[in-house]
Amino acid sequence: VAPQEWGVHQAPHDYFRFTRYGLESLLTRSGFERLEIRPAGGFFTLLGRRVLDSVLYFQGGARWLLLPFVAALAVPAGLLVPLLDFRDREKNTTLAYICVARKQ
């Protein structure tokens, strides 16, 4: 699994980051046969994760006073937003890529 969390740029020539294209290039040059490279969710999964992560900001200092209110909004939204991932057909913006490869 390779973390990504940013969109693909200049597809299919985005080789210098851990995009599906960069991973395929790395695997091929390292003597692996690519069996599968698939995204771990799409834009809405990433958005949901970021919304859930926003709660962490309110755990420090005097911000903790706002934590219950932020959590009450962010947790349901963060859990529901990924259900919209079916709308993202390309899934170029993802949490990570899951790679399965075999050494040739």
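T94 sits in the loop between α3 (67-80) and β3, and in this predicted model the residue has a relative accessibility of 0%, so T94 counts as buried, the cut-off for that word being under 20%. The side chain of T94 makes polar contacts with the backbone in two places. A polar atom of the side chain lies 2.7 Å from the backbone oxygen of G41, and the side chain also reaches the backbone oxygen of A96, here at 3.1 Å.

The partner G41 belongs to another loop, the one between β2 and α2. With a relative accessible area of 17%, G41 is below the 20% cut-off and is therefore classed as buried. When neighbours within four places in sequence are left aside, G41 is in contact with D85, K91, T93 and T94. The C-alpha atoms of G41 and R89 can be added to this picture: they are 48 residues apart along the chain, and 10 Å separates them in the model.

One of the residues that G41 touches, K91, deserves a look at its backbone. K91 is placed, like T94, in the loop between α3 and β3, and its phi is positive, at about 50°, although K91 is not a glycine. As background to that value, most residues other than glycine have a negative phi.

T94 is also among the residues in contact with Q4, which is placed in the loop between β1 and α1. Q4 has a relative accessibility of 12%, and because this is under 20% the residue counts as buried. Apart from neighbours within four places in sequence, the contacts of Q4 are R17, F18 and T19, together with T94, L95, A96 and Y97.

From these loops the reader can move to the sheet. Three strands form an open sheet in the order β1-β3-β2, with antiparallel pairing. In this arrangement β1 and β2 are the edge strands, each of them pairing on one side only. Strand β1 (residues 2-3) is joined to β3 (residues 96-103) by two bridges, the two strands running antiparallel, and within this pairing A2 has Y97 as its bridge partner in β3. Strand β2 (residues 32-39) is joined to β3 by seven bridges, again in antiparallel fashion, and here F32 is partnered in β3 by K103. Y97 thus appears twice in this account, as the bridge partner of A2 and as one of the contacts of Q4.

Helix α1 (residues 20-29) lies across β1, β2 and β3, and its direction makes an angle of about 165° with that of β2.

The other two helices to consider are α2 and α3. Helix α2 (43-57) has 15 residues and reaches 22 Å from its first C-alpha to its last, which is close to the 21 Å expected at 1.5 Å a residue. The 14 residues of α3 should span 20 Å by the same rise of 1.5 Å a residue, and because its end C-alpha atoms are 19 Å apart, the model agrees with that expectation.

Which residues of α3 are buried? They are V70, A74 and G78, and the buried residues of α3 pack against α2. In α2, the residues F44, T45, L46, G48 and V55 are buried, and the buried residues of α2 in turn pack against α3.

Aromatic rings remain to be described. The count comes to two aromatic pairs. F43 and F44 form an edge-to-face pair, with 5.1 Å from centre to centre and 85° between the planes. F43 has a relative accessible area of 39%, and since this falls between the limits of 20% and 50%, the residue is described as partly exposed, whereas F44 is listed among the buried residues of α2.

Y57 and F58 form the other aromatic pair, also edge-to-face, at 5.0 Å centre to centre and with 90° between the planes. Is each of these two residues buried or partly exposed? Y57 has a relative accessible area of 49% and is therefore partly exposed, because the exposed class begins only over 50%. F58, with a relative accessible area of 17%, lies under the 20% cut-off and so is buried.

Conventions. Residues are numbered from 1 along each chain as its sequence is written. This is a predicted model: local features need pLDDT of at least 70, side-chain atom pairs count only at pLDDT 80 or more; totals for chains, interfaces and linings use all residues. Side-chain values use heavy atoms; hydrogens and water are left out. Two strands pair if DSSP finds at least two bridges between them. Helices (H or I, at least four residues) and strands (E, at least two) are DSSP runs, numbered from the N terminus. Buried means under 20% relative accessible area, exposed over 50%, partly exposed in between (1.4 Å probe, protein chains only). A polar contact is a pair of N or O atoms within 3.5 Å; within protein, one must be able to donate a hydrogen and the other to accept it, and residues adjacent in sequence count only if both atoms are side-chain atoms. Contact means heavy atoms within 4.5 Å. Axes are lines fitted to C-alpha atoms, for helices over the stretch in contact, and angles run from 0 to 180 degrees between N-to-C directions. The expected span of a helix is 1.5 Å times one less than its number of residues. Rings of Phe, Tyr and Trp (its six-membered ring) pair if their centres lie within 6.5 Å; planes under 30 degrees apart count as stacked, over 60 as edge-to-face and the rest as tilted.
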